[in-house]
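Here is a friendly walk through one protein model. Have the structure open while you read, and look up each residue as it comes along.

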Amino acid sequence: MTYHPKSDFIAVMMERGFLADCTDYQALDEALIKGVVPAYIGFDATAKSLHVGSLIQIMMLRWLQKTGHKPITLMGGGTTKVGDPSFRADERPLLTEDQINDNISGIQQVFAKYIDYNDGDTGALMLNNAEWLDDLNYLEFLRDIGRHFSVNRMLAFESVKSRLDREQSLSFLEFNYMILQAYDFLELNRRYGCLLQMGGSDQWGNIVNGIDLTRRVVDEQIFGLTSPLLTTSDGKKMGKSQDGAVWLNAEMKSPYEFWQFWRNTTDADVGRFLKLYTELPVEECDRLGALAGSDINDAKIVLANEVTTLCHGAEAAKAAESTAREVFEKGGVGADLPTLTLTAEDVGDGISVVQLIVKSGLAKTGKEAKRLIAENGAKLNDAPLTEMRIFDAAALATPIKLSAGKKRHALVQLG
């Protein structure tokens, strides 16, 4: 669509590629010009960290604050007990309250790097929907809120419909999720004057439900805005690497591995990712993204440095780049490489190189490690690994460097 925004926030969203859809561009634009707009995104606490797949939403909240508005990060302490069925083939495993609270404390550490939680007009709020969901009276909730929902309409939402079309079970517990999420928006509007919910385009149905419920209950106009569901140019889901999820917490994914993920971006994605995940001017993102041949590698290093600086700090980004140069350009052993530290007891009478490859995370199974060696994909101290070696404590007294292919490395040492 062609819409010329007046507000800085909508302009940034459009220019940098964050926008998939909005319930009312013009009315939201006018609200953003009038004054500070509180806006929220909900995050369920299903793991101890968010991964790169959530980074687009975090950057939206960051830009919201940078353009003069108030971000609300809503932790799903209540809704995580139910589980979002959107576009899932099966029911989420249920977590205990302690697990959920533990996950929330891990996720909060990520937000603090991107958003400023201060006492000013645009200071972010960290909220937990357990605050209002845990004490709901079921009969009152059914009477006051449930009556506004049509089951026919809920069944028509793509997230539910796709599950039923495949004849996969959808529990009543999960079916209630969209009502609870809609109720979150109503409560945030009542308590904090929240006017906007943002999320990925898979959340469109849930967002619209909240807008409709709020209009019916308190006769208030509120808005929804979604970002595209990102895949890489080769069709892979954003946030996954060959080693699994790319977590935003350093203890779950080292800053070096995080940096390396961005450094390995496909050429075709560089310009788009610079716009979404960094704050470089759009013109510079376009210039870097248009580089060809070996020059595109310089753009990838800029991308990796900028994204890692936001998530882990400038020093971590600098150390990661330095390690990468040492490892790839000089064939050395970088101090910042992922490191497996073993005790003498771990080594015992000897430990095989296959076990070391698996323990260091370069392969998921012994079978995969053996195949890697058989296909000449494994290296020991930058030399091809051609035999199934056994290492004793003496052999590991000096750290060894293991490699899987050209880009994945780990150190193994005795503690």
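What follows is a short tour of the sheets, the aromatic rings, a surface patch and the salt bridges.

## Before we start

Keep in mind that this is a predicted model. Everything below was worked out from its atoms.

## A sheet of six strands

Let's begin with an open sheet built from six strands, which line up in the order 1-6-5-2-3-4 with mixed pairing. At its edges you'll find strand 1 (21-22) and strand 4 (125-128); each has just a single partner strand, so one side of each is left without a neighbour in the sheet.

Further in, strand 2 (residues 38-43) pairs with strand 5 (residues 196-200). How do these two run, parallel or antiparallel? They pair in the parallel sense, over two bridges. To spot the pairing by eye, look for Ala39, which stands opposite Leu196 in strand 5.

## A sheet of five strands

There is also an open sheet of five strands, again with mixed pairing, and here the order is 9-15-14-11-12. Strand 9 (339-342) and strand 12 (383-384) take the edge positions with a single partner strand each, so each has one side without a neighbour in the sheet.

Strand 12 makes its pairing with strand 11 (residues 378-380): the two run antiparallel and are joined by two bridges. Lys379 is a handy marker here, since you'll see it opposite Pro384 in strand 12. As general background, strands of a sheet pair through backbone hydrogen bonds, in either a parallel or an antiparallel way.

## Rings that meet

Now for the aromatics. How many aromatic pairs does a search of the whole structure find? It finds eight. One of them joins Phe258 and Trp262 edge-to-face, with 6.1 Å from centre to centre and 65 degrees between the planes. Both residues belong to helix 12 (residues 255-263), where they are four residues apart, or about one turn of the helix. Are they buried or exposed? Phe258 has 0% relative accessibility, so it counts as buried, and Trp262, also at 0%, counts as buried too.

Trp262 has another ring partner, Phe273: that pair is edge-to-face as well, at 6.1 Å centre to centre and with 80 degrees between the planes. Trp262 is in helix 12 while Phe273 is in helix 13 (residues 270-277), so this pair ties together parts that lie eleven residues apart in sequence. Both of these residues are buried. Zoom out a little and you get one aromatic cluster made of Phe258, Phe261, Trp262, Phe273 and Tyr277.

Elsewhere, a ring meets a charge: the charged end of Lys66 sits over the ring of Trp63, 5.7 Å from the ring's centre.

## A nonpolar patch on the surface

Tyr138, Leu139, Leu142 and Phe172 make a nonpolar surface patch of about 470 Å². Which helix gives the largest share of the patch? That is helix 6 (residues 138-144), which supplies three residues. Leu142 is found in helix 6, and with a relative accessible area of 40% it is partly exposed.

## Salt bridges

The structure holds 15 salt bridges. One of them runs between Glu131 and Arg191, whose closest N and O atoms are 3.0 Å apart. This pair links distant parts of the chain, with Glu131 in helix 5 (residues 130-133) and Arg191 in helix 10 (residues 177-192), 60 residues apart. Glu131 counts as partly exposed at 42% relative accessibility, and so does Arg191 at 39%.

Asp267 and Lys300 form a salt bridge too, and here the closest N and O atoms are 2.6 Å apart. Again distant parts of the chain are linked: Asp267 is in the loop between helix 12 and helix 13, and Lys300 is in helix 15 (residues 296-312), 33 residues apart. Asp267 is partly exposed, with a relative accessible area of 42%, whereas Lys300 counts as buried at 8% relative accessibility.

For a pair within one helix, try Glu321 and Arg325, whose side chains meet in a salt bridge at 2.6 Å, N to O. They are four residues apart in helix 16 (residues 314-329), so about one helical turn separates them. Glu321 is buried, with a relative accessible area of 17%, while Arg325 is partly exposed at 33%. Finally, salt bridges that share partners join Glu131, Glu187, Arg190 and Arg191 into one network.

Terms used:
Residues numbered from 1 in each chain as written. Predicted model: local features only at pLDDT ≥ 70, side-chain atom pairs only at ≥ 80, totals over all residues. Heavy atoms only, no water. Pairing = 2+ DSSP bridges. Phe/Tyr/Trp six-rings, centres within 6.5 Å; stacked < 30°, edge-to-face > 60°. Buried < 20%, exposed > 50% of the residue type's maximum accessible area, 1.4 Å probe, protein only. Lys NZ or Arg CZ within 6 Å of the ring centre and 35° of its normal. Patch = residues over 30% accessible without salt bridge, like charges linked within 9 Å, V, L, I, M, F, W, Y side chains within 5 Å. Areas by Shrake-Rupley, 256 points an atom, 1.4 Å probe, with all protein chains shown as cover. Salt bridge = Lys/Arg side-chain N within 4 Å of Asp/Glu carboxyl O.
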